[in-house]
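Hi,

Here is the structure I promised to pass on. Have a look at it first, and my notes come straight after.

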Amino acid sequence: MGKLDGKVALVTGSGRGIGRAIAFKLASEGAKLVVNDLDSRPGDAVAREITAAGSEAVAVNGSVCEDGFGERFVAAATETFGGIDIIINNAGYTWDATMRNTSDDQFQAMLDVHLVAPFRILRAAAEPIRALAKKEEQDGREVFRKVVNISSIAGLYGNAGQSSYSAAKSSLVGLTRTLCKEWGHYKVNVNCVAFGLIHTRLTEPIKDEQKTIDVGGREIKVGIRPHLLDTFDELIPLGRGGTPEEAADAVYLFCSPESNYISGQVVVCGGGLMI
Ligand SMILES: NC(=O)c1ccc[n+]([C@@H]2O[C@H](COP(=O)([O-])OP(=O)(O)OC[C@H]3O[C@@H](n4cnc5c(N)ncnc54)[C@H](O)[C@@H]3O)[C@@H](O)[C@H]2O)c1
């Protein structure tokens, strides 16, 4: 018996990194997964691996920023699995620059992926959730649904070189708190997990060559200089960055029945880091 048996969970950006670990964690607790990634190969692979492990999963790949993505994503959950219980807005990347070097496109791209896309997905889920909640109320059943929005310590405390990213991640906290108030009567717990340093491709050490990732055909610089990673390890009370699995565990807390009376909160998953 898993704690999420029969629940239908949607996780954006779940082809790699933290999202991938979240998808596996929720599936291991019995949830049926709607996986997504900008890159269809990792997205499909995660859905296949979850299915091979005995759970159910379907992949709805493509950019969360595409017009109509939210409707397509939500429809996959209701049509394939007949419901919608957990939504994790995780997809994203960093595109850093100092303020004077940040272009309009860059600023907008960060808002689009980290703020506008979660808003559109949640808006698309609003009517199905309202209808399900109304039916459950009529039947006298209390069913809790979960939204977890993925933020960052950069969104809470700021980070030099990340004006666009931190503005978007900070606004996501505002969206979370507002939706907590709007959807409380539908029994939806809406919370945020803000990560500190989690070891994924975004935070890999830059050794000799600058690391880049391809995001929809755009080459984006990622990675952290090794001396800065060492400084992080010194600053983090628990002494190191987190793994994607540890990050997924924090998200799982807000998906489990134990969080049924917690909403509108931000938990920092950063090994104690508070800067
Ligand atoms: N790694 C960290 O230290 C850290 C810290 C704070 C917050 N975060 C946040 O955690 C989330 C996951 O990051 P990660 O470190 O696992 O990165 P990652 O690059 O390992 O994984 C992110 C996944 O999201 C996908 N993605 C990116 N843009 C997308 C789009 N438009 N549509 C669909 N999928 C898209 C990527 O293809 C990738 O597979 C992000 O929102 C990130 O901002 C990460």
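Below is what I found, starting with the overall fold, then the ligand site, then a handful of residues.

One thing up front: this is a predicted model, so please read everything with that in mind.

**The overall fold**

The protein has 8 helices and 9 strands. Its C-alpha atoms fill a box of roughly 60 × 40 × 35 Å along the principal axes. The radius of gyration is 18 Å, which agrees with the value near 19 Å that a compact globule of 275 residues would have. Buried residues account for 49% of the 275. If you look at contacts between residues at least 6 apart in sequence, 69% of them join residues at least 24 apart. As for the surface, the protein exposes about 13100 Å², with carbon and sulfur atoms supplying 51% of that.

**The ligand site**

This is probably the part you will open up first. The ligand is surrounded by 30 residues, and the closest are Asp37, Asn90, Tyr165, Thr200 and Arg201. By class, that shell breaks down into 12 nonpolar, 13 polar and 5 charged residues.

Three polar pairs with ligand oxygen atoms are on my list:

- Thr200 brings a polar side-chain atom to 2.6 Å from a ligand oxygen.
- Ile198 has a backbone N or O atom 2.9 Å from an oxygen of the ligand.
- Gly196 places a polar backbone atom 3.3 Å from a ligand oxygen.

How much of the ligand does the protein bury? Taken alone, the ligand exposes 820 Å², and 97% of that is buried by the protein.

Which elements give two or more residues to the shell? They are helix 1 (17-28), helix 4 (104-138), strand 5 (145-152) and helix 6 (163-183). Strand 5 provides the largest share, with 3 residues.

**Ser14 and Gly19**

Ser14 sits in the loop between strand 1 (8-11) and helix 1. Its relative accessible area is 0%, so Ser14 is buried. Setting aside neighbours within four places in sequence, Ser14 is in contact with Gly19, Arg20, Ala23, Val35, Asn36, Asp37 and Val46. Asp37, you may recall, is also among the residues closest to the ligand.

Gly19 is in helix 1, and with 0% relative accessibility it counts as buried. Leaving out neighbours within four places in sequence, Gly19 is in contact with Val11, Gly13, Ser14 and Asn90. Asn90 is another of the residues closest to the ligand. If you want a distance to check your setup against, the C-alpha atoms of Gly19 and Thr94 are 15 Å apart, with their positions 75 residues apart along the chain.

**Helix 8**

Helix 8 covers residues 244-253, and its buried residues are Pro244, Ala247, Ala248, Ala250, Val251 and Tyr252. What do these buried residues pack against? Their partners are helix 1, strand 4 (86-89), strand 5, strand 6 (188-195) and strand 9 (266-269). Of those partners, helix 1 and strand 5 also turn up in the list of elements around the ligand.

**Glu136**

Glu136 is in helix 4. Is Glu136 buried or exposed? Its relative accessibility is 7%, and anything under 20% counts as buried, so Glu136 is buried. Its side chain makes a polar contact of 2.8 Å with the side chain of Arg145. Beyond its neighbours within four places in sequence, Glu136 is in contact with Arg141, Val143 and Arg145.

**Ala76 and Lys187**

Ala76 belongs to helix 3 (residues 69-81). At 13% relative accessibility, Ala76 is buried too. With neighbours within four places in sequence left out, Ala76 is in contact with Val34, Val60 and Phe81. The C-alpha atoms of Ala76 and Ile206 are separated by 38 Å, and these two residues are 130 apart along the chain.

Lys187 is one to look at in the backbone: its phi is positive, about 65°, although Lys187 is not a glycine. Lys187 lies in the loop between helix 6 and strand 6. With a relative accessible area of 33%, Lys187 is partly exposed.

That's everything from my side.

Cheers

Terms used: Residues numbered from 1 in each chain as written. Predicted model: local features only at pLDDT ≥ 70, side-chain atom pairs only at ≥ 80, totals over all residues. Heavy atoms only, no water. Near = heavy atom within 4 Å. Polar contact = N/O pair within 3.5 Å; in protein donor to acceptor, adjacent residues only side chain to side chain. Areas by Shrake-Rupley, 256 points an atom, 1.4 Å probe, with all protein chains shown as cover. Helix = DSSP H or I, 4+ residues; strand = E, 2+ residues; numbered from the N terminus. Nonpolar A, V, L, I, M, F, W, Y, C, P; charged D, E, K, R; others polar. Rg over C-alpha atoms; globule rule 2.2 N^0.38 Å. Buried < 20%, exposed > 50% of the residue type's maximum accessible area, 1.4 Å probe, protein only. Contact = heavy atoms within 4.5 Å.
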